[in-house]
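This briefing collects local features of one protein chain, grouped by topic. Please keep the structure open while reading.

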Amino acid sequence: MPRLSLWAVSALLCCVLIFNKAFAQQSNYQIETIVDGLNSPWALAFLPGGDMLITELGGTLRRISDGELVQVPITGVPPVYYAGQGGLMDVVTDAEFNRNQRVYLSFAHGDKSGNATRMISARLVDMQLEDVEILFTAKPLKKTPHHYSARIAQMADGSLLMGVGDGFNYREQAQTLDNHLGKVIRIQRDGQVPSDNPWADDPQALPEIWSRGHRNMQAILVAPDGTVFANEHGPQGGDEVNIITPGLNYGWPVITYGIDYSGARISPYTEYAGMEQPLVDWTPSIAPAGMTYYDGSQFPQWQGSLFTVSLAERSIRRTVVEQGKLVSDEKVFPELNDRMRDIRTGPDGALYVLTDGENGKLIRISSQ
């Protein structure tokens, strides 16, 4: 490798400094830690009045009130299968929470002999979950503690979307309709199947399925105009962002831009008739995690952007999509060099980020 001259090194460092300074000046933001000491936090949700809920992978549901972590966890959370990538995962408040106090939780249910992604509904009463209802359990049970997906989003009609991972060792099942592995599922708030699901009347398919051909989704959200975005982990390479349309096939494992962890090719195809191309392909992998659609007031220049946190790349990506096409994708907030698990747009217009691991933090990014 040729050596860089002192002038070239100085010029490169100068460009980096200018970029970082220009980014900070352009966005005029500040970063603060709200809470630390969280144990593998996974998801964040906001309650009316300013309180927040945080799931910890080991099975605890925490509440933040007046900017402080309530030391006693919320009771009534069902037992979870805490192994590998499994545990207590997403938390979402119902769109009519002020009326019904309902929250939705997803988690790994079962044990090493058989486990699955499960979604429940419950009423949150102060520091307790009551009236717990099982809404959905993926079929079939699997023996691997990996690839649960488990992110939840609520549509404008009140129905619920959730990603179900391919279970790692069961990737071929993502293409078949007699199981939930590698699918987005859609159910009503009471667990019933919506009559307009694409395979609701197909006796050869499971009626909850909304889309197929997914690997391990780490985020799913519904934009204000109704567009559904999701991201997912590829193997080595092939991390994706997709616009999810009911009934479509997103290709895994028939098409992928990644290779297996052994170095072997998973498929000779990166595209195939009847299978969707990703909106964004991240190769090499960044290991995307949570994602938010920004429609807040604190950063008006970023309204309509997707913000995605990552684990392997230890970064936040800002992605701009217009008319279903990728316009730009860039790293932002370069000083946040950490594994990050979730990101949400707060009611105050700030961005809230959960870092990953045993000493997880809740971080707030706001305008100055």
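The points below cover two buried charged residues, one strand and its partners, aromatic pairs, and backbone details. The model is a predicted one. Glu240 and Arg118 are treated first; Glu240 is buried without a salt bridge, and Arg118 is likewise buried without one.

**Glu240**

- Glu240 sits in strand β16, which runs over residues 239-243.
- Arg215 is the nearest side chain of opposite charge to Glu240, at 9.3 Å; the cut-off for a salt bridge is 4 Å, so Glu240 has none although it is buried.
- A polar contact of 2.9 Å joins the side chains of Glu240 and Asn242.
- With neighbours within four places in sequence set aside, the contacts of Glu240 are Ala230, Asn231, Glu232, Pro278, Val280 and Trp282.

**Arg118**

- Arg118 belongs to strand β8, residues 114-125.
- For Arg118, also buried and without a salt bridge, the nearest side chain of opposite charge is that of Asp111, 12 Å away.
- The Arg118 side chain makes a polar contact with the side chain of His109 at 3.3 Å and another with the side chain of Thr137 at 2.8 Å.
- Both of these partners recur among the residues that Arg118 touches beyond four places in sequence: Leu105, Ser106, Phe107, His109, Ile134, Phe136 and Thr137.

**Strand β12 and its partners**

- Strand β12 covers residues 183-187, and five of its five residues are buried.
- In a regular strand, side chains alternate between the two faces of the sheet.
- Lys183, Ile185 and Ile187 point one way from β12, while Val184 and Arg186 point the other way; all are buried.
- β12 pairs in the antiparallel sense with strand β11 (residues 160-164) over five bridges, and Val164 stands opposite Lys183.
- β12 also pairs in the antiparallel sense with strand β13 (residues 209-212), over three bridges; here Val184 stands opposite Ser211.

**Aromatic pairs**

- The count of aromatic pairs comes to 10.
- In one of them, the ring centres of Tyr294 and Phe307 are 6.1 Å apart and the planes are at 80°, so the pair is edge-to-face.
- This pair links distant parts of the chain, 13 residues apart: Tyr294 is in the loop between β18 (288-293) and β19 (306-310), and Phe307 is in strand β19.
- Tyr294 is buried at a relative accessible area of 0%, and Phe307 is buried with a value of 0%.
- Tyr294 and Phe307 also belong to a cluster linked by ring pairs, together with Tyr29, Phe299, Trp302 and Phe333.

**Backbone details**

- The peptide bond between Lys139 and Pro140 is cis, with omega about -5°; Pro140 is in the loop between β9 (128-137) and β10 (149-154).
- The peptide bond between Trp252 and Pro253 is cis, with omega about -5°; Pro253 is in the loop between β16 and β17 (280-282).
- Ser40, a residue other than glycine, has a positive phi near 50°; its place is the loop between β1 (29-38) and β2 (41-46).
- Ser40 has 14% relative accessibility, so it counts as buried.
- Gln101, a residue other than glycine, has a positive phi near 55° and lies in the loop between α2 (97-100) and β7 (102-111).
- Gln101 is partly exposed, its relative accessible area being 26%.

Key:
Residues numbered from 1 in each chain as written. Predicted model: local features only at pLDDT ≥ 70, side-chain atom pairs only at ≥ 80, totals over all residues. Heavy atoms only, no water. Helix = DSSP H or I, 4+ residues; strand = E, 2+ residues; numbered from the N terminus. Buried < 20%, exposed > 50% of the residue type's maximum accessible area, 1.4 Å probe, protein only. Lys, Arg positive; Asp, Glu negative; His and termini not counted. Polar contact = N/O pair within 3.5 Å; in protein donor to acceptor, adjacent residues only side chain to side chain. Contact = heavy atoms within 4.5 Å. Pairing = 2+ DSSP bridges. Phe/Tyr/Trp six-rings, centres within 6.5 Å; stacked < 30°, edge-to-face > 60°.
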